[in-house]
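Please look over the sequence and the model shown here before turning to the briefing on its strands and helix.

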Amino acid sequence: MISHILQFGSDMFDKDAPHYSVSFSNGVYQIITHDFVLQMTAEQTVGFYLREDYLLEHNLVQSPEYQEDIKKVETFFKAFLQQYGSAMLKNQLTY
């Protein structure tokens, strides 16, 4: 019997739940949320795009008007990584 289940994500049918996708490639983490795509290395955010910018042509990481959004997604993503890393170390990832 499994006593603890660690889940990442949310009910895909819940329209009010935050939906996201996380990936890692060539030293860059990427999180795609409902509105944004954030790319970061272990040290810093290197890319921030509107989700509808499919080709990732307009990097908004230096744009003053998106700094609050960048911080929100960074905070969410860092919490995700911390929770995932902790679960990995404690061998608590289950399916």
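The notes below cover the sheet, its hairpins and the helix that lies across it.

This is a predicted model, in which local features need pLDDT of at least 70 and side-chain atom pairs count only at pLDDT 80 or more, while totals for chains, interfaces and linings use all residues. Residues are numbered from 1 along each chain as its sequence is written, and side-chain values use heavy atoms, with hydrogens and water left out.

**Sheet**
- Four strands form an open sheet in the order β1-β2-β3-β4, with antiparallel pairing; strands (E, at least two residues) and helices (H or I, at least four) are DSSP runs, numbered from the N terminus, and two strands pair if DSSP finds at least two bridges between them.
- The edge strands are β1 and β4 (45-50), each of which pairs on one side only.
- From one strand to the next the twist averages 15°, where axes are lines fitted to C-alpha atoms, for helices over the stretch in contact, and angles run from 0 to 180 degrees between N-to-C directions.

**Strands β1 and β2**
- Five bridges hold β1 (residues 21-25) and β2 (residues 28-32) in an antiparallel pair, including those of Ser21 with Ile32 and of Ser25 with Val28.
- The hairpin of these strands has two residues between them, and Asn26 in this hairpin takes a positive phi near 50°.

**Strands β2 and β3**
- Strand β2 runs antiparallel to β3 (residues 36-40) and is joined to β3 by four bridges, one of which pairs Tyr29 with Met40.
- The hairpin that joins β2 to β3 passes through three residues.

**Helix**
- Helix α1 (residues 67-89) lies across β1, β2, β3 and β4, and runs at about 65° to β3; contact means heavy atoms within 4.5 Å.
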